[in-house]
Amino acid sequence: MCNQHTNTTPTRVLSVANAKAPFETTTIERRALRPDDVLIDIKFSGICHSDIHSAFDEWGGGMFPMVPGHEIAGVVEAVGQNVTKYAVGDRVGVGCFVDSCGECEYCLAGDEQYCTKGVVQTYNSLDYDGEQTYGGYSQKIVVKEGFVVRIPDALEMDVASPLLCAGITTYSPLKHWNVGPGKKVAIVGMGGLGHVAIQFAHAMGAEVTVLSRSMNKESEALSFGADHYFATSNEETFKELAGRFDVILNTVSANLEVDAYLSLLRIDGTLVNVGAPAEPDQYSVFSLIMGRRSIAGSLVGGIKETQEMLNFAAEHKIAPQIEVINASQVDEAYERVLKSDVRYRFVIDVATL
Ligand code: NAP
Ligand code: ZN
């Protein structure tokens, strides 16, 4: 282990002082390396809509000052003395969480995100020592090696970063609900998550339909592998697609008319929510009863599955379409995400921080 890292590491970050405050550049200390820690020199950090929900404190419980960011791609700068999986210079990623108990049935099954002790999120969370966590809008981060994944050589670092959240959050439920050959899947919302979901569902062999508010993104949806594309602003869409889908993956950050979407499911179909609006949804139980349908939700994915997803993306040439921005442009990027004016993920070039 590098001697210089037996102490804490000062690192510049982008932080917000309170909900909706503008970003400012400040300095925090990353902890001294423990034996199983990796110090990562962050190169790129994606902007997820969850960062906005959190920085605006829309979900409540926000811890300020906050440094968002859970789509982290970087290079290992130093390793603790017991680290075996990674070496200095390795290209690595960190997603939405950085610790879990490691002992409960869900951790043992590789579903650390559902840890019964409570997973430690990459930011806006307290770690098991009670210290607040700070995320990836940052030059450096220290993470336990078990919560670090390897970025395959075939993936560029900037393009890889959104896979650490948008990628795994869509890959995991598509696999869990057996999306593949012979299955009809709809992806609702074509933003950061949605545009990656189309690529995964197509690569898994399913028939993919995109449901977006307008027809504006049709040609790009087809280029990502969609077979069909419909605008939800057109009422005819709901008549034409009634009873069509085995699975609907909802990636929308706002509340939907849930009954209308349930009517698009086949008997036994499932509406899987990954979009996380702050307000509760409303629906009629009859929309479920009359078709033995289910409503479900899914939270990111485990570490092993995240590595599997990255390898799958490399193998199938799945790549987020990104717009790289400077650290000074994050406030503006948030405004643009809120207007759905992003094609399709902003990624911060951390060298500009
Ligand atoms: P995003 O890039 O803003 O994409 C959301 C998309 O939803 C938009 O592009 C838009 O698609 C659609 N949309 C937005 N506002 C809408 C409205 N009022 N009515 C209907 N459609 C609307 O966001 P993202 O980063 O993909 O994240 C999406 C959601 O997933 C967020 O709520 C985020 O917090 C959540 N999330 C959950 C998890 C999890 O583990 N479950 C992980 C990551 C993110 P169209 O323009 O195509 O209509
Ligand atoms: Zn996210």
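This briefing describes the overall build of a protein chain, its zinc site and the surroundings of one serine. The model is predicted. The protein chain has 353 residues, and its radius of gyration of 20 Å agrees with the value near 20 Å expected for a compact globule of that length. Its zinc ion (ligand 2) has C48, H70 and C165 as protein donors.

**Overall build**
- The secondary structure of the protein chain consists of 11 helices and 17 strands.
- Along the principal axes, the C-alpha atoms occupy a box of roughly 65 × 40 × 35 Å.
- Of the 353 residues in the protein chain, 54% are buried.
- Among contacts with a separation of 6 or more, 68% join residues 24 or more positions apart.
- The exposed area of the protein chain is about 15,100 Å², of which carbon and sulfur atoms supply 48%.

**Zinc site**
- The zinc ion (ligand 2) is bound through the SG atoms of C48 and C165 and the NE2 atom of H70, at 2.0 to 2.2 Å.
- The spacing of these donor residues in sequence is C-x21-H-x94-C.
- H70 lies in the loop between helix 1 (49–55) and strand 4 (72–79), while C165 lies in the loop between helix 3 (157–160) and helix 4 (166–176); the pair, 95 residues apart, links distant parts of the chain.
- Both H70 and C165 are buried.

**Surroundings of S138**
- S138 is located in the loop between strand 7 (120–121) and strand 8 (140–144).
- S138 counts as buried because its relative accessibility is 0%, under the 20% cut-off.
- The S138 side chain comes to 2.8 Å from the backbone oxygen of K140.
- Beyond its neighbours within four places in sequence, S138 contacts T11, R12, V13, R30, I42, V350 and L353.

Notes:
Residues are numbered from 1 along each chain as its sequence is written. Chains are lettered from A and ligands numbered from 1 in the order in which they are written. This is a predicted model: local features need pLDDT of at least 70, side-chain atom pairs count only at pLDDT 80 or more; totals for chains, interfaces and linings use all residues. Side-chain values use heavy atoms; hydrogens and water are left out. Donors are N, O and S atoms within 2.8 Å of the metal (3.2 Å for Na, K and Ca); water is not among the atoms, so sites may look incomplete. Helices (H or I, at least four residues) and strands (E, at least two) are DSSP runs, numbered from the N terminus. Buried means under 20% relative accessible area, exposed over 50%, partly exposed in between (1.4 Å probe, protein chains only). A polar contact is a pair of N or O atoms within 3.5 Å; within protein, one must be able to donate a hydrogen and the other to accept it, and residues adjacent in sequence count only if both atoms are side-chain atoms. Contact means heavy atoms within 4.5 Å. The radius of gyration is taken over C-alpha atoms; the globule rule is 2.2 Å times the number of residues to the power 0.38. Accessible areas come from the Shrake-Rupley method with a 1.4 Å probe; for residues, only the protein chains shown count as cover.
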